[in-house]
Amino acid sequence: MGVDAEVETRLAIHTKSPYAHLVIGISWHPVINLPYIPATSLKGAARSYAEVNNFVPCGKAPEELFGKAGGAGLVELTDAYPVRCGDKLIELDIVNPHYRETERAIGETDASPTPLLFPAVARGVVFRFFIAPRAEADGKCLTDVLDVIRGALAEGIGAKTRLGYGVLKP
C-alpha cells in the first residue's frame, strides 16, 4: 500500500547526516541526490506514537508490529522519497547560536554570535512510502498501522518537532 504525505511545516530530519558536509545537515540520499525520510524514522515515530497513546494496533505490542533495534516487525515500511514539490524542495533555515562567551564575561554588545544555516525540506513537498505486512500479519493490520502512521505524522517526525517542524499530512 502506497502512502503520500505532504510536508505542512518545514522538515528537518537526520540533521547529522554523514552525506551533508554541513554543521547541521539533512537526510540526503547519496545515490538519487534527493532528501528522503528513512524508514527507520517512520517506524520509530509510529512505534513511539503507539506507545505514548496506548494504542495497540492489531492487538499486538508496538515493538512487535514495528520492530525494535536488532529485530524486524510484522510490518515493513520503505524509505519515503519526494514525488512532488511546489516552488522549492529545500529552504534554508537558521539556528540562533548560544554565545560562546560564558558567565557573562563579555557584554551583550561585544558578543559576536554566528548564526548557523541549515537545509530543511520546504512546505508542500509530497513524500511517498510503502507499507507491506509480513506473511504473519493480516489485512486489518494495515488499517490499524495506517491510523498509527497518520497520528505520528500529524504530531511531527524528525528534529525540532517541539518547535513545530516535521508535521506531515497523509
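This passage walks through the fold, the core, an aromatic pair, a pocket and two backbone oddities of a predicted model.

Starting with the overall layout, the protein chain holds three helices and seven strands. Following the sequence from the start, these elements come in the order β-α-α-β-β-β-β-β-α-β. Of the 170 residues in the protein chain, 38% are buried. As for the surface, the protein chain exposes about 9800 Å², and 53% of that comes from carbon and sulfur atoms. The contacts reach well along the sequence: taking those between residues at least 6 apart, 70% join residues at least 24 apart.

Next comes the core. In soluble globular proteins, nonpolar side chains tend to be buried together. Here, the largest nonpolar core has 33 residues, and the members that touch the most other members are L11, I37, F127, F129, I131, I157 and L168. Two or more residues come from each of β1, α1, α2 (62-66), β2 (75-77), β6 (126-133) and α3 (139-155). The top contributor is α3, which gives eight residues to this core.

A good way into the core is through I37, one of those well-connected members. Setting aside residues up to four places away in sequence, I37 touches L11, I13, L42, D79, A80, F127, I157 and L168. Four of the names in that list, L11, F127, I157 and L168, also appear among the core members with the most contacts to other members. F127 sits in strand β6 and, with a relative accessibility of 1%, counts as buried. F127 and I37 are 90 residues apart in sequence, yet their C-alpha atoms are 8.2 Å apart in space.

Another partner of I37 is L42, which belongs to helix α1. L42 is buried too, with a relative accessible area of 4%. Leaving out residues up to four places away in sequence, L42 touches I37, L77, T78, A80, F129, L153 and I157. The link from L42 to I157 spans 115 residues of sequence, with the two C-alpha atoms 7.6 Å apart. Both I37 and L42 touch A80 and I157, and I37 and L42 touch each other as well.

Turning to aromatic rings, the count comes to one pair. It is made by Y36 and Y81, whose ring centres are 5.8 Å apart and whose planes meet at 20 degrees, so the pair is stacked. Y36 lies in the loop between β1 (2-7) and α1 (39-52), while Y81 is in strand β3 (residues 81-84), so the pair ties together parts that are 45 residues apart in sequence. The two partners fall into separate burial classes: Y36 counts as buried at 15% relative accessibility, whereas Y81, at 24%, counts as partly exposed. The cut-off for buried is under 20% relative accessible area, so Y36 at 15% falls below that line and Y81 at 24% does not.

The largest pocket has a volume of about 200 Å³. Its lining is made up of A45, S48, Y49, V52, A152, E155, G156, T161 and R162. Two helices, α1 and α3, each supply at least two of these lining residues, and α1 gives the most, with four. One lining residue, E155, is placed in helix α3. Neighbours within four places in sequence aside, E155 is in contact with Y49, N53 and V167. Of these partners, Y49 lines the pocket as well. Along the chain, E155 and Y49 are 106 residues apart, but 8.5 Å separates their C-alpha atoms.

Finally, a quick look at the backbone. Most residues other than glycine have a negative phi, and most peptide bonds are trans. Against that background, N33 has a positive phi, near 60 degrees, and N33 lies in the loop between β1 and α1. That loop is also where Y36 of the stacked pair is found. N54 likewise has a positive phi, near 50 degrees; this residue is in the loop between α1 and α2. With a relative accessibility of 68%, N54 counts as exposed.

Notes
Residues numbered from 1 in each chain as written. Predicted model: local features only at pLDDT ≥ 70, side-chain atom pairs only at ≥ 80, totals over all residues. Heavy atoms only, no water. Buried < 20%, exposed > 50% of the residue type's maximum accessible area, 1.4 Å probe, protein only. Contact = heavy atoms within 4.5 Å. Areas by Shrake-Rupley, 256 points an atom, 1.4 Å probe, with all protein chains shown as cover. Phe/Tyr/Trp six-rings, centres within 6.5 Å; stacked < 30°, edge-to-face > 60°. Core = buried A, V, L, I, M, F, W, Y, C linked by side-chain atoms within 4.5 Å. 1 Å grid on protein atoms, 1.4 Å probe; cavity = no way out; pocket = protein on both sides within 12 Å on 5 of 7 lines; lining within 4 Å. Points joined across faces, edges and corners; volume = space filled by probe spheres on them.
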